[in-house]
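The following exercises practise the reading of a protein structure. Please study the sequence and the structure before attempting them.

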Amino acid sequence: MAANIGRKRLVVGAHYGLRDWLAQRITAVVMAAYVMVFGVYAMFVVPPGYEAWAGLFAPLWMKVATLLAVVALIYHVWIGMREIFMDYVKPTWIRLCAYVLTILWLAACAVWSVQILWRV
Amino acid sequence: MSTTLQDKKRPEFKNIHVTQIIRYRLPAGGFASFLHRFSGALMFLALPLLLWLFDLSLTSEISYGKLSALLSGWFVKLVLLALAWALLHHLVTGIRHLLLDLHVGIEKEAAARSALLVHLISLPLTLAAGLKLFGVL
């Protein structure tokens, strides 16, 4: 896909640059909101001990909210790590391996967090 | 044409080599940006540890007790303190980046000032986290 921006500039490419740029910011806002609300609440409101801590994650909406934060985290981490690999890892083969391992690892983390959350 | 390419001594710019990093003085914005990347990579590497600790905290009363015992060790506390810094620094510099995206404080002086301000916010918060972690607070 190619489109003219203004009169002169021809923009070409797959457009995932803008998509990733935007996604990184949206996921950042989601995580920041979660961390700040949850962090303050867990630190100052929830009493110490297993009962209260596990009780915090008992309602479905809390599981869903936490999982959304985890999904945002994983997408955010993928964009960030991809950027790091693109900057520092030049040999194509090693970079591809790093990409694949990162994706597999992050997907595994997502599945793991579902299991942790839904066992409570 | 009187001048050729050989006549003119053109300046040459090369990438910084790893061995030059120590001597290379980054501006405050570059330093904050580098630490943003570093703290992000650190948290990525620590992800399995954090998920494991989260798992221990929620699975059962017994695993919760195991976690409490684990957290009483000074080394684990030190690792968590480093991660607390990484999170706080990444969060504060991230908010700065979002504000810059919205063209807030984008002028050179303002941006340089906020690049120092992020440390003045994240480091005391890390100190507070450390005091809490080591049982002082």
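The exercises below treat the chains, their helices and their contact in turn.

**Conventions.** This is a predicted model, in which local features need pLDDT of at least 70 and side-chain atom pairs count only at pLDDT 80 or more, while totals for chains, interfaces and linings use all residues. Residues are numbered from 1 along each chain as its sequence is written, and chains are lettered from A and ligands numbered from 1 in the order in which they are written.

**Exercise 1. State how confident the predictor is in chain A, and where confidence is lowest and highest.**

Step 1. The quantity required is pLDDT, the predictor's confidence in each residue, from 0 to 100. Its mean over chain A is 90, and 96% of the residues reach 70 or more.

Step 2. Confidence in chain A is lowest in strand S1 (residues 3-5), with a mean of 65, and highest in H4(A), at 96. Where pLDDT is low, the predicted coordinates should not be read in detail.

**Exercise 2. Describe the secondary structure of each chain.**

Step 1. Helices (H or I, at least four residues) and strands (E, at least two) are DSSP runs, numbered from the N terminus.

Step 2. Chain A has four helices and two strands, in the order β-β-α-α-α-α from the N terminus on.

Step 3. Chain B has four helices and zero strands; its pattern along the sequence is α-α-α-α.

**Exercise 3. Compare the radius of gyration of each chain with that of a compact globule.**

Step 1. The radius of gyration is taken over C-alpha atoms, and the globule rule is 2.2 Å times the number of residues to the power 0.38.

Step 2. For 120 residues a compact globule would have a value near 14 Å, but chain A has 19 Å. The C-alpha atoms of chain A fill a box of roughly 60 × 35 × 20 Å along the principal axes.

Step 3. For 137 residues the globule value is also near 14 Å, but chain B has 22 Å. Along the principal axes, the box filled by the C-alpha atoms of chain B is roughly 85 × 30 × 25 Å.

**Exercise 4. Identify the buried residues of H1(A) and H3(A), and state what they pack against or are covered by.**

Step 1. A residue is buried if 20 or more other C-beta atoms lie within 10 Å of its own, exposed if 12 or fewer, and partly exposed in between, with C-beta atoms placed from the backbone.

Step 2. H1(A) has 29 residues and reaches 41 Å from its first C-alpha to its last, close to the 42 Å expected at 1.5 Å a residue. The expected span is 1.5 Å times one less than the number of residues.

Step 3. The buried residues of H1(A) are A:Thr27, A:Ala28 and A:Met31. They pack against H3 of chain A together with helix H3 (74-101) of chain B.

Step 4. In H3(A), the buried residues are A:Val70, A:Ala72, A:Leu73, A:His76, A:Val77, A:Trp78, A:Gly80 and A:Met81. Their cover includes H1 and H4 of chain A together with H1 of chain B.

**Exercise 5. Is A:Val29 buried, partly exposed or exposed, and why?**

Step 1. A:Val29 lies in helix H1 of chain A.

Step 2. A:Val29 is partly exposed because 13 other C-beta atoms lie within 10 Å.

**Exercise 6. Describe the contact between the chains from the side of chain A.**

Step 1. Two residues are in contact if their C-beta atoms, placed from the backbone, lie within 7 Å. The contact takes 18 residues from chain A and 18 residues from chain B.

Step 2. On the side of chain A that touches chain B, helix H1 (16-44), helix H2 (50-56), helix H3 (60-88) and helix H4 (92-118) each supply at least two residues.

Step 3. The residues on this side of chain A are 14 nonpolar, two polar and two charged. Here Ala, Val, Leu, Ile, Met, Phe, Trp, Tyr, Cys and Pro count as nonpolar, Asp, Glu, Lys and Arg as charged, and the others, Gly among them, as polar.

**Exercise 7. State what is notable about the phi angle of B:His103.**

Step 1. B:His103 lies in the loop between H3 and H4 of chain B. B:His103 is exposed, since 8 other C-beta atoms lie within 10 Å.

Step 2. Its phi is near 65°, a positive value in a residue other than glycine. Most residues other than glycine have a negative phi.
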